Amino acid sequence: MKPSFYVTTPIYYVNDVPHIGHAYTTVAGDVLARYKRLMGYDVYFLTGSDEHGQKVEKAATTAGETPLELADRVVKRYQALWERLGISNNDFIRTTQERHKKGVAHIFKDILDKGDIYLGEYEDWYCTPCETFWPETQLIEDRCPDCNRPVEKLKEESYFFRMSKYQEQLLAHIEANPEFIQPKSKRNEIISFVKDGLRDLSVSRTTFTWGIPVPGNDKHIIYVWFDALTNYMTALGYPEATDNYRNFWPANVHLIGKDILRFHAVYWPTFLMAAGLPLPEKVFAHGWWTVEGQKMSKSLQNVVEPNMLIDKYGVDVVRYFLLREVPFGLDGDFSHAALVQRLNSDLANDLGNLLSRSTAMAVKYFDGILPAPAELADIDQGLKKKTTDMIDHVDACMDDLAFSKALQAVWEVVSAGNKYIDESAPWTLAKDPNQKDRLATVMYCLLESQRIVHVLLSAFIPATSEKALTSLGCQCKVEKADLDWGGLQAGTTIIKAEALFPRMEG
Ligand code: MSP
């Protein structure tokens with residue numbers, strides 16, 4: 001049986017339209033999902049939408065719609081974008097779906113019955129855009145410490161989750177599992193947050209109605225983060241012991257942005273502990289994108305729309321740029337100049353040229369019929385070794401979610417391929433009939449190295465790799481065995497590849 005792998009993205013709020021921040025996590029999840037499928041895993045890749053809460057209710061009122069009308073409209077924009085970006089999610093969960101509402105009510109009731117949710121009264125400062133209560137001591141100049149917007153004093157009867165009870169258990173779990181929260185700097189932040197003391201958490205609201213009612217007391221709406229986090233299980237069928245639930249829970253990795261780490265690394269695991277359920281293996285918080293050096297925001301009118309980028313540069317350029325430009329886990333800056341630079345240099349020059357040069361030579365010297373290699377000389381062995389070593393290197397990087405490093409490792413082989421052409425000079429070999437075998441070997445190694453490169457790249461830039469593999473006469477449906485050297489069969493028809501990426505003016 002195949003080993004299973006479950007990766008999730010956050011579920012996105014429907015009061016906003018998708019921007020590159022959303023596309024970033026989703027593309028990262030997709031690359032990981034595609035990579036794991038390639039490596040023989042049974043993968044479940046989940047994304048979705050977060051549709052409840054006061055924020056969505058307010059946005060709907062402003063737009064003159066019901067919250068569900070708003071959600072139905074905005075969710076289509078997410079789904080259409082994911083389709084354009086080639087996102088291979090297995091499922092898309094909406095928190096307004098029955099399957100989700102049922103599961104949330106179930107886990108809430110379960111924790112209530114076990115005594116770790118109780119009814120009390122709440123009074124504190126509330127930030128509506130962040131859906132978060134803040135103690136006075138954490139406010140910064142009377143404003144929300146996260147978004148710097150004004151907060152309001154709210155007092156309400158509320159259900160509380162006994163989070164304080166799980167402080168030591170959570171700390172012990174984090175300390176015993178160094179991989180649980182990543183990257184390390186974020187893990188340290190969470191450790192000190194937990195050590196500072198966990199307060200019981202208000203997990204219901206009575207000031208609005210757009211959400212899932214508390215079972216048995218529908219004056220109360222379940223707190224939107226309690227509702228949202230549970231999506232990772234309800235999508236699998238929780239609380240039923242469905243095949244998906246049994247195969248895929250606990251998740252291997254929750255991919256999220258750094259701003260929502262506390263919800264995923266403190267709230268979520270303690271909810272699960274209270275319900276007696278296993279915790280996800282890893283929560284990875286990536287950094288934030290600024291735009292041309294500035295914070296991305298509606299008010300600055302500098303929100304980068306992924307659709308606009310795709311129109312201008314193409315899907316795979318966007319996918320590649322997002323994962324190559326910034327080490328996953330760090331903040332980064334988006335600029336058109338940086339994107340065009342990556343496109344021209346890495347994609348058009350290095351990767352694209354290599355394929356068009358090599359396939360053109362195969363057509364010119366062998367009428368496009370791939371010759372069998374003779375014995376490999378040192379220089380050929382060198383390229384072969386670089387190519388085969390890359391596979392383990394990439395695998396280690398992918399385990400660490402070091403996408404940018406994985407791509408660097410692939411590009412070292414691309415550069416080695418370009419250098420190999422220059423050093424082995426096929427055009428000189430072609431002039432000498434006695435060198436026919438040598439020329440055959442060079443062409444074989446050159447194309448075989450690129451075949452393996454594109455099998456790996458199929459996780460990152462699937463449409464481009466499909467084109468490349470087609471011109472190399474290979475099947476496009478790739479699997480782990482396709483990473484073995486020697487997969488390219490003598491006699492295969494090679495087609496001259498058109499430029500994979502047209503260069504653009506900066
Ligand atoms: N609905 C919650 C998540 C619930 S998950 C159980 C939410 N939604 S969101 O739509 O506001 O944000 C989703 C993700 O987008 C977050 O991971 C956030 O980090 C990410 N980003 C928002 N702006 C971003 C950047 N400028 N750069 C990178 N990621 C950013 O939070």
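Start at the ligand: β1 gives the shell around it four residues, the largest share from any element. This strand runs over residues 4–13, and keep in mind as you look around that the whole thing is a predicted model.

β1 has company, of course. The elements that each put at least two residues into the ligand shell are β1, α1, α7 (224–229), α8 (231–234) and β12 (253–257). In total, 23 residues surround the ligand, and if you want the closest ones, look for I11, D50, G257, D259 and W289. What is the make-up of that shell by class? It has 13 nonpolar residues, eight polar ones and just two charged ones.

Now zoom in on some backbone contacts. At I11, a polar backbone atom sits 2.8 Å from a nitrogen atom of the ligand. Y13 also joins in through its backbone, with an N or O atom 3.2 Å from a ligand oxygen. Over at G257, a backbone N or O atom is 2.9 Å from an oxygen atom of the ligand. How much of the ligand's accessible area does the protein cover? On its own the ligand has 670 Å² of accessible area, and 93% of that is covered by the protein.

From here, follow α1 to another spot. This helix, residues 20–38, gives two or more residues to the lining of the second largest pocket, and α18 (462–471) does so too; α1 is also one of the elements in the ligand shell. The pocket holds about 400 Å³ of space. Its lining is made of 17 residues, and those closest to the pocket centre are R34, R37, L38, K477 and V478. Which element supplies the largest share of this lining? That would be α18, with four residues. Sorted by class, the pocket lining comes out as seven charged, six nonpolar and four polar residues. Set that beside the ligand shell, where two residues are charged and 13 are nonpolar.

Finally, step back and take in the whole chain. It is built from 18 helices and 16 strands. Its radius of gyration is 26 Å, close to the 23 Å that the globule rule gives for 506 residues, so the chain is as compact as a globular protein of that length. Along the principal axes, the C-alpha atoms fill a box of roughly 90 × 50 × 40 Å.

Notes: Residues are numbered from 1 along each chain as its sequence is written. This is a predicted model: local features need pLDDT of at least 70, side-chain atom pairs count only at pLDDT 80 or more; totals for chains, interfaces and linings use all residues. Side-chain values use heavy atoms; hydrogens and water are left out. On a 1 Å grid over the protein atoms alone, a cavity is a set of points where a 1.4 Å probe fits but cannot get out, and a pocket is an open set with protein on both sides within 12 Å along at least five of seven lines; lining residues have an atom within 4 Å of a point. Grid points are joined across faces, edges and corners, and a volume is the space filled by probe spheres set on the points. Ala, Val, Leu, Ile, Met, Phe, Trp, Tyr, Cys and Pro count as nonpolar, Asp, Glu, Lys and Arg as charged, and the others, Gly among them, as polar. A residue is near a molecule or strand if one of its heavy atoms lies within 4 Å of it. A polar contact is a pair of N or O atoms within 3.5 Å; within protein, one must be able to donate a hydrogen and the other to accept it, and residues adjacent in sequence count only if both atoms are side-chain atoms. Accessible areas come from the Shrake-Rupley method with a 1.4 Å probe; for residues, only the protein chains shown count as cover. The radius of gyration is taken over C-alpha atoms; the globule rule is 2.2 Å times the number of residues to the power 0.38.
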